[in-house]
Amino acid sequence: MTTLGSCMINNIFSFYYVKLFINKYKISEGAFHQSQVVYMVWNAVNDPLFGYLQDTSEVPCCSRRRLSILYGAPLYSLAFLLAWFPWRTYTPGDWLSGLHLMVALCAFDGMLTFVLLAQSALFAEISSQHHSRLRLIKYSQMASLVGSSSVLFCGVLSKNMEDFASFQAFTMVIAVVSCGCMLYTGFHSETRFDSKGSESNAVKTDQTSHQSAFSLSTLKALTWQILINRDFRLFVIMNFFQVFMLAFFNNFTMIFSEHLIPPGALPSLAKSIMYGAGFICPQLLVLSCERLLHGLGYYRIILFTFYVEAVLAAVMFVLGPQHYYILAFFLTLNMVIIQATFSLFGLPLADIIDTDMQKYKRSSPLSSMVFGTNALFTKPAQSLAPMIVINIFNQFGYEELKDAGRESDPRALESLHSVMFYLVCLVPMCVAAAQVLAWKPFSIRYSHTVDAKYIDN
């Protein structure tokens, strides 16, 4: 239920916020970059901080996964609404729109981190058996399938945000429904480690220290133990590029399609369906691959998707931008493959948590800390992607051309469209190659063929 609720609001937020602040609120490039830098720092710091608190705190709302979700859900849904309601009528380059973006990003990500870290820890702690985790993945994808339809309905009802009042009304309804779904998890979920009253003592025993659970030295020691795991480092490098690609397509697919695909070739309703498919179909793909996950394991499937992404980008580059339907299919397929692959990343992280628990003989896993430390290095990619792309766009006149559209200087518009097409093709191709190099040495490849690494209590 947390997956259902979070998907409803996360997908809408990531898909619409860049276009909203750039095209409607008309934020300046400088203010946009400043907000993204602050967001990047906060985004990286809050994950290990909240992870450490949730794994070592004796305060129930932090230490109990269920209570973290229960108390965090209402604030999470309220933070989602911050972006969609302007603080006043903004003029182009208004400084307040920059502050608005900064607050909206930091508030939303802070609550997202607090709630979803607890959910990620639930995934690793409910069971250590591979087949049980695959079943959880299946249920999660079914929930994501329903939750991701929010982008489709939002696009249709608001005419891809052209009817802004309808868009705002829809986000309010989604926020309430999302909160209710997450509250259900908060009231009803259980794990093997719900007797966490002694977890803080267990962590201190592992460190053979008499310091308090919140000491800086303990945090350093636990983080170092996670970082020296070679498989963890390889996963983080690969995941950084995956998060970059997710942000790249989630934030800019709408802008790419509006500029590269003429309205006559693909009407607004068709584009709404295309955007919705980009968020709905990944779950269908993961659900259809359940047998492959049992038979081949996640390692081979993830590696295969990187090769597919590179080949598809190369083919699109050779075909050129004039094939509008193929380009629309390519954009949608990229969103589907990248999101579907990302949905599997809980499996390698759960195996890394199991390895860490065995190696250091912990009485309970450092699930939130592992997820949080991973996020420390990968979350900055969410800010780097829009910063880099907007900077490239504006070097080719996007800030002036975005409103003029096809009535502006044809040569300037053609130059901008060429750059957009090169980005659409070359970025996935280069990133997929880097991911192959990072992922190939990963050594936990056969967890799907062995029994649980420790016995469920």
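A salt bridge is a side-chain nitrogen of Lys or Arg within 4 Å of a carboxyl oxygen of Asp or Glu. This is a predicted model in which local features need pLDDT of at least 70 and side-chain atom pairs count only at pLDDT 80 or more, while totals for chains, interfaces and linings use all residues. Residues are numbered from 1 along each chain as its sequence is written, and side-chain values use heavy atoms, with hydrogens and water left out.

Q: How far apart are the closest N and O atoms of Lys 379 and Asp 47?
A: The two residues form a salt bridge. Lys 379 is in the loop between α16 (367-378) and α17 (380-395) and Asp 47 in helix α2 (residues 29-56), so the pair ties together parts that are 332 residues apart in sequence. Helices are DSSP runs (H or I, at least four residues; strands are E, at least two), numbered from the N terminus. The closest N and O atoms of the pair lie at 3.4 Å.

Q: Is Asp 47 buried or exposed?
A: Buried means under 20% relative accessible area, exposed over 50%, and partly exposed in between (1.4 Å probe, protein chains only). Its partner Lys 379, at 12% relative accessibility, counts as buried. Asp 47 has 3% relative accessibility and therefore counts as buried.

Q: Which side chain meets Glu 258 in a salt bridge?
A: The pair has an N to O distance of 2.5 Å. Glu 258 lies in helix α10 (residues 230-260) and the partner in helix α1 (residues 2-24), so parts 239 residues apart in sequence are tied together. Glu 258 counts as partly exposed at 31% relative accessibility, whereas the partner counts as buried at 10%. That partner is Lys 19.

Q: Which residue forms a salt bridge with Asp 94?
A: The closest N and O atoms of this pair are 2.8 Å apart. Asp 94 is buried at 6% relative accessibility, and the partner is partly exposed at 41%. The partner is Arg 88.

Q: Which residues are joined into one network by salt bridges that share partners?
A: The structure holds four salt bridges. Those that share partners join Asp 47, Lys 379 and Asp 109.

Q: How many helices and strands does the secondary structure come to?
A: Among contacts (heavy atoms within 4.5 Å) between residues at least 6 apart in sequence, 85% join residues at least 24 apart. Buried residues make up 59% of the 457 residues. The secondary structure comes to zero strands and 19 helices.

Q: How many residues does the largest nonpolar core have?
A: A nonpolar core is a set of buried Ala, Val, Leu, Ile, Met, Phe, Trp, Tyr and Cys residues joined through side-chain atoms within 4.5 Å. In the largest one, the residues with the most contacts inside it are Ile 12, Phe 80, Trp 84 and Phe 393. Apart from it lies another core of 37 residues, with Phe 306, Leu 349, Leu 366 and Met 369 among them. The residue count of the largest core is 91.

Q: Why does the pair of Phe 317 and Phe 421 count as stacked?
A: Rings of Phe, Tyr and Trp (its six-membered ring) pair if their centres lie within 6.5 Å, and planes under 30 degrees apart count as stacked, over 60 as edge-to-face and the rest as tilted. The centres of the Phe 317 and Phe 421 rings are 6.5 Å apart. The pair is stacked because the planes meet at 10°.

Q: At what angle are the ring planes of Phe 317 and Tyr 422?
A: Phe 317 is partly exposed at a relative accessible area of 34%, and Tyr 422 is partly exposed at 44%. Their ring centres are 5.9 Å apart and the pair is tilted. It links helix α13 to helix α19, 105 residues apart. The planes of Phe 317 and Tyr 422 are at 45°.

Q: Over the ring of which residue does the charged end of Lys 24 sit?
A: A charge sits over a ring if NZ of Lys or CZ of Arg is within 6 Å of the ring centre and within 35 degrees of the ring normal. The charged end of Lys 24 is 4.7 Å from the centre. Ring pairs link the residue below it into a cluster that includes Phe 13, Phe 80 and Trp 84. The ring belongs to Phe 164.

Q: What is the phi of Lys 26?
A: Lys 26 lies in the loop between α1 and α2 and counts as partly exposed at 29% relative accessibility. Although Lys 26 is not a glycine, its phi is positive, at about 55°.
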